[in-house]
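Me: I have a model to go through with you. Let's take it in short questions, beginning with how far to trust it.

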Amino acid sequence: MPVIDDPHNAAKAELPVHPSVISKAKRMIDILGAIVGLLITVVVVIPIAIAIKLDSPGSIFYSQIRCGLNGRYFRIWKFRTMSVGADKLKHLVKNEAQSDQIFKNENDPRITCIGRFLRRTSLDELPQFWNVLVGEMSLVGTRPPTPNEVIHYSRHHWKRLNVKPGITGEWQAHGRSSIKDFEDIVHMDLDYQRKWSIIYDISLILKTLKVVSDKSGAC
């Protein structure tokens with residue numbers, strides 16, 4: 001099966017438009033959820049910023065190029081959880097995942113002390129509500145991969161990019177970082193696309209809130 005080397009080629013593939021992409025109701029929920037999320041971010045940004053600065057020097061925010069709907073590039077935003085220059089040290093850290101399409105290491109030495117807390121509580125992802133507000137992401141969707149991950153995709157992997165990436169989704173609601181097999185993640189993403197409805201999105205949001213509160217599967 002051929003490998004698609006350039007993420008922009010995905011937009012040229014003859015892929016059907018998923019109903020979630022054109023759903024006005026889903027977009028309205030995204031906008032309302034993003035506004036609420038950004039208001040929460042405004043409330044907690046000062047204490048989080050102070051904690052990050054006291055823990056390690058550098059910016060309080062971290063941005064990275066990711067691949068969204070049909071492989072289109074966008075810049076994702078998070079609160080910084082790693083030391084400055086961590087991306088350049090990635091090759092020194094063992095990938096505990098079972099493929100090159102994702103990267104996982106439960107004890108990644110690049111993660112700061114406050115960064116581990118932010119990840120356990122998912123507070124690091126609050127800035128992504130901006131990505132949702134501008135339409136690059138959705139509240140519920142698939143995990144947005146990096147371009148370096150996408151270059152290893154086979155054709156069937158591209159199907160997971162038929163919907164907008166989400167702050168949460170099947171993967172986050174059912175295991176989070178404990179799931180390390182990329183094919184399992186792809187299966188869950190495609191299962192989400194088959195099951196999709198507004199009610200199902202709401203159920204995944206509620207499940208994610210419970211998982212986060214229980215700190216289940218957090219790295």
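Me: What is the mean pLDDT of the protein?
Reply: This is a predicted model, and its confidence comes per residue. Of its residues, 82% reach 70 or more. The mean pLDDT of the protein is 85.

Me: In which helix is confidence highest?
Reply: Helix α6, residues 170-173, has the lowest confidence, at a mean of 85. Over residues 1-5 the pLDDT is below 50. That stretch still has 13 contacts beyond near neighbours in sequence. The highest confidence, at 98, belongs to residues 128-133, helix α4.

Me: What pattern does the protein follow along the sequence?
Reply: The secondary structure comes to 8 helices and 4 strands. Read from the start of the sequence, the pattern is α-α-β-β-α-α-β-α-β-α-α-α.

Me: What percentage of the contacts with a separation of 6 or more come from residues 24 or more positions apart?
Reply: The protein has 219 residues, and buried ones make up 48% of them. For contacts with a separation of 6 or more, residues 24 or more positions apart account for 72%.

Me: Where does helix α2 bend?
Reply: Helix α2 covers residues 24-55. The bend is about 50 degrees. A proline, proline 47, follows within four residues of the bend. The residue at the bend is valine 44.

Me: Which residue's backbone nitrogen does a side-chain oxygen of serine 23 reach at the start of α2?
Reply: The oxygen belongs to the side chain of serine 23. It comes to within 3.5 Å of a backbone nitrogen. That nitrogen is in alanine 25.

Me: Which element gives the largest share of the largest nonpolar core?
Reply: This core has 23 residues. Elements giving two or more residues to it are α2, β2 (73-79), α3 (113-121), α4, β3 (138-140) and α8 (198-214). The largest share is 4 residues, and it comes from α2.

Me: Which residues touch the most other members of that core?
Reply: Ile52 is one of them, and Ile52 is also among the buried residues of α2. Tyr192 is another. Leaving aside neighbours within four places in sequence, tyrosine 192 is in contact with residues including Lys26, Asp201 and Leu204. The full set is Ile52, Phe79, Leu118, Val132, Met137, Tyr192 and Leu204.

Me: How many residues are in the second core?
Reply: The second core is separate. Among its members are Cys67, Val150, Tyr153 and Leu161. The number of residues is 8.

Me: How many residues apart are aspartate 201 and lysine 26?
Reply: A search of the whole structure finds 5 salt bridges. In one of them, aspartate 201 pairs with lysine 26, with the closest N and O atoms 2.6 Å apart. Aspartate 201 is in helix α8 and lysine 26 in helix α2, so the pair links distant parts of the chain. Along the chain they are 175 residues apart.

Me: Are aspartate 201 and lysine 26 buried or exposed?
Reply: Buried means under 20% relative accessible area, and exposed means over 50%. Both aspartate 201 and lysine 26 fall in one class, buried.

Me: Is glutamate 149 buried or exposed?
Reply: Glutamate 149 lies in helix α5, residues 147-150. Its side chain meets that of arginine 143 in a salt bridge, 3.0 Å from N to O. Arginine 143 counts as buried because its relative accessibility is 12%. At 4% relative accessibility, glutamate 149 counts as buried.

Me: What distance separates the C-alpha atoms of glutamate 149 and arginine 66?
Reply: Along the chain, glutamate 149 and arginine 66 are 83 residues apart. In space, their C-alpha atoms are separated by 9.5 Å.

Me: Which residues are joined into one network by salt bridges that share partners?
Reply: Arginine 194 and aspartate 191 meet in a salt bridge at 3.5 Å, N to O. Both lie in helix α7 (residues 182-195), 3 residues apart, about one turn of the helix. Arginine 194 counts as exposed because its relative accessibility is 57%. The network joins Asp191, Arg194 and Lys195.

Me: Which residue's backbone nitrogen does the side chain of glutamine 172 reach?
Reply: Glutamine 172 is found in helix α6. It counts as buried because its relative accessibility is 11%. Beyond neighbours within four places in sequence, glutamine 172 is in contact with Gly166, Ile167 and Val211. The backbone nitrogen its side chain reaches, at 2.9 Å, is that of glycine 169.

Technical notes. Residues are numbered from 1 along each chain as its sequence is written. This is a predicted model: local features need pLDDT of at least 70, side-chain atom pairs count only at pLDDT 80 or more; totals for chains, interfaces and linings use all residues. Side-chain values use heavy atoms; hydrogens and water are left out. The bend at a residue is the angle between axes fitted to the seven residues ending there and the seven starting there. Buried means under 20% relative accessible area, exposed over 50%, partly exposed in between (1.4 Å probe, protein chains only). A polar contact is a pair of N or O atoms within 3.5 Å; within protein, one must be able to donate a hydrogen and the other to accept it, and residues adjacent in sequence count only if both atoms are side-chain atoms. pLDDT is the predictor's confidence in each residue, from 0 to 100. Contact means heavy atoms within 4.5 Å. A nonpolar core is a set of buried Ala, Val, Leu, Ile, Met, Phe, Trp, Tyr and Cys residues joined through side-chain atoms within 4.5 Å. A salt bridge is a side-chain nitrogen of Lys or Arg within 4 Å of a carboxyl oxygen of Asp or Glu.
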